[in-house]
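Q: Please give me a close look at the pockets and cavities in this model. I'd like to know what lines them, and how those linings tie in with the strands and helices around them.

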Amino acid sequence: MKLSNRVKEVPFSATRVLGPYAEEARKKGKKVHHLNIGAPDTNVPDEFFEAIADIKTRTLPYAPSKGIESLREEISKYYKDKGVDFDAEEIVITNGASEALLYAIISITDLGDNILTSNPFYTNYLTAFRELGISPNIFETSVTDGYRLPPYEEIVKSIDSNTKGILLSNPSNPTGVVYTKEEVERIVKAAVEYDLYIIADEVYREFVFDNLEFYSFGQVEGIKDRLILVDSISKRFGACGARIGCISTKNEELLKEFVKLATSRLAVSTVDQIGATALYQISDKYFKEINEEYDLRRNTIIEELNKIEDIEVYKPQGAFYVMPKLPVEDALDFAKWLLTDFDVDGETLMVAPGGGFFYGREDKRHIRLAYVMNVEDLKKSITILKEGLREYRKLKNL
């Protein structure tokens with residue numbers, strides 16, 4: 001029997017592709033530091049667990065397919081406090097932002113269509129594209145200027161008759177760039193001129209540094225018919241395992257389709273929605289403290305990376321990722337070697353090879369690092385990276 005070509009084309013996530021090597025390293029007694037995946041080590045606020053512990057019902061029915069009303073109301077309040085006008089009825093709760101992304105793409109594309117996005121982009125976007133039988137069209141960005149958007153003319157060069165929407169992560173995973181108001185409006189101009197939807201992935205909106213002001217696509221006037229906003233509690237509250245996301249739009253026709261898709265999987269976890277409702281009720285003090293912690297981590301990892309010879313790095317402005325260019329010929333081979341053949345006092349490092357975040361070009365020199373651990377472990381991790389690079393380059397005569 002034959003498997004489908006479609007499933008064969010679905011790639012492994014770049015953040016997990018080296019998992020078996022990490023497992024073997026652990027079996028050998030090595031401690032593996034994980035900078036490969038954006039899984040925050042910060043505590044989920046107590047309110048989440050208290051709300052779940054306070055559940056008194058002895059039955060656990062399906063929640064409404066659209067999501068529990070109290071949660072959608074709290075998300076609506078959160079958005080409106082940020083200048084983004086979505087009512088509770090315009091929000092659908094999803095199983096993480098991943099399901100929200102699938103709903104968006106299913107609703108606006110047919111087989112053979114494409115979505116325009118930046119290069120590099122979040123590795124699981126390609127997974128979603130391949131699952132649904134479409135492809136990305138891309139415009140290039142570069143480590144040299146911190147992965148800023150290219151000029152308008154370069155962006156629209158990649159639009160063709162099969163392009164149905166523009167997908168952008170802001171702040172960006174994998175690069176950590178925060179797009180300015182002018183850059184956001186550059187994308188809006190392209191979408192309006194070429195009659196495209198905008199899928200705005202804003203799950204990292206709370207993680208913005210250097211006193212920058214985040215500018216949401218939801219704050220732009222005149223695009224309510226084409227805007228799809230994707231969001232999640234995974235990063236905002238460090239609650240990755242709860243799998244609560246949402247998708248929002250003011251386009252009534254689109255909204256109807258999102259709800260229809262939601263009914264096909266019946267419901268999102270009732271228990272996690274109750275916990276998530278409590279999260280959206282906590283004070284802004286939480287966001288201030290968590291932002292300060294990640295700013296410290298960002299400054300630490302950049303300071304340590306700058307000590308490495310011949311590395312090309314920049315200072316990201318948001319999210320909790322940085323994507324440097326290494327002085328090696330094959331970052332995937334180097335990343336494997338770190339796990340299989342190298343350690344410092346019994347400790348080694350797992351990173352995400354950058355090639356899995358690029359499309360349409362053979363990129364072998366970048367890695368993505370997620371600074372989601374405490375400062376001391378970050379310093380130790382980058383020391384391992386530095387020593388590893390020195391030994392690997394000597395081994396490969398680089």
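A: A helix here is a DSSP run of H or I with at least four residues, and helices are numbered from the N terminus. Keep in mind that this is a predicted model.

Let's begin with the second largest pocket. Helix H11, residues 284–305, gives the largest share of its lining, 4 residues. The pocket's volume is about 400 Å³, and 16 residues line it. Lying nearest its centre are Val208, Leu212, Glu213, Phe214 and Asn291. By residue class, this lining splits into 9 charged, 4 nonpolar and 3 polar.

Now for the largest pocket, with a volume of about 720 Å³. Its lining takes in 31 residues, and the closest to its centre are Ser98, Tyr122, Asn124, Lys235 and Arg243. The class split here is 16 nonpolar, 9 polar and 6 charged. Three elements each put at least two residues into this lining: helix H5 (96–108), helix H6 (123–131) and strand E7 (227–232). H6 makes the largest contribution, with 5 residues.

H6 is a good place to start on the surrounding fold. Together with strands E3 and E4, H6 forms a right-handed β-α-β unit. E3 and E4 (residues 135–140) pair in the parallel sense, with 6 bridges between them. If you want a spot to look at, Leu116 has Asn137 in E4 as its bridge partner.

E3 also takes us to the enclosed space. How many cavities of 30 Å³ or more are there? The count comes to 1. The largest cavity holds about 40 Å³ of space. Two elements give two or more residues to its lining, namely strand E3 (114–119) and strand E5. E5 gives the most, with 3 residues. The lining as a whole consists of Thr117, Ser118, Pro120, Phe121, Tyr125, Leu167, Leu168, Ser169, Ser172, Asn173, Pro174 and Tyr179. Sorted by class, that makes 7 nonpolar, 5 polar and no charged residues.

From E5 you can walk across to E7 and so back to the largest pocket. E5 (residues 163–169) pairs with E6 in the parallel sense over 5 bridges. On the way from E5 to E6 the chain passes through helix H8 (residues 181–193), and this β-α-β crossover is right-handed. One pairing to check is Gly165, whose bridge partner in E6 is Tyr197. E6 itself, residues 197–201, is mostly covered, with 4 of its 5 residues buried. E6 is also joined to E7 by 4 bridges, and these two strands run parallel. Here Asp201 has Val230 in E7 as its bridge partner. With that we are back at a strand that supplies at least two residues of the largest pocket's lining.

As background, strands of a sheet pair through backbone hydrogen bonds, either parallel or antiparallel. For the antiparallel sense, turn to the open sheet of 3 strands with the order E9-E12-E11. Its edge strands are E9 (321–322) and E11 (352–353), and each of these pairs on one side only. E11 and E12 (residues 367–370) run antiparallel and are joined by 2 bridges. Within that pairing, Ala352 stands opposite Arg368 in E12.

One last stop, away from the strands, is Tyr62. This residue is found in the loop between helix H3 (46–53) and helix H4 (69–81). Is Tyr62 buried or exposed? Tyr62 counts as exposed because its relative accessible area is 65%, and the cut-off for exposed is over 50%. Leaving aside neighbours within four places in sequence, Tyr62 is in contact with Leu266, Ala267 and Thr270. Its C-alpha atom is also separated by 7.8 Å from that of Ser269, a residue 207 places apart from Tyr62 along the chain.

Definitions and conventions. Residues numbered from 1 in each chain as written. Predicted model: local features only at pLDDT ≥ 70, side-chain atom pairs only at ≥ 80, totals over all residues. Heavy atoms only, no water. 1 Å grid on protein atoms, 1.4 Å probe; cavity = no way out; pocket = protein on both sides within 12 Å on 5 of 7 lines; lining within 4 Å. Points joined across faces, edges and corners; volume = space filled by probe spheres on them. Nonpolar A, V, L, I, M, F, W, Y, C, P; charged D, E, K, R; others polar. Pairing = 2+ DSSP bridges. Buried < 20%, exposed > 50% of the residue type's maximum accessible area, 1.4 Å probe, protein only. Contact = heavy atoms within 4.5 Å. Right-handed = clockwise from strand over helix to strand, strands pointing away.
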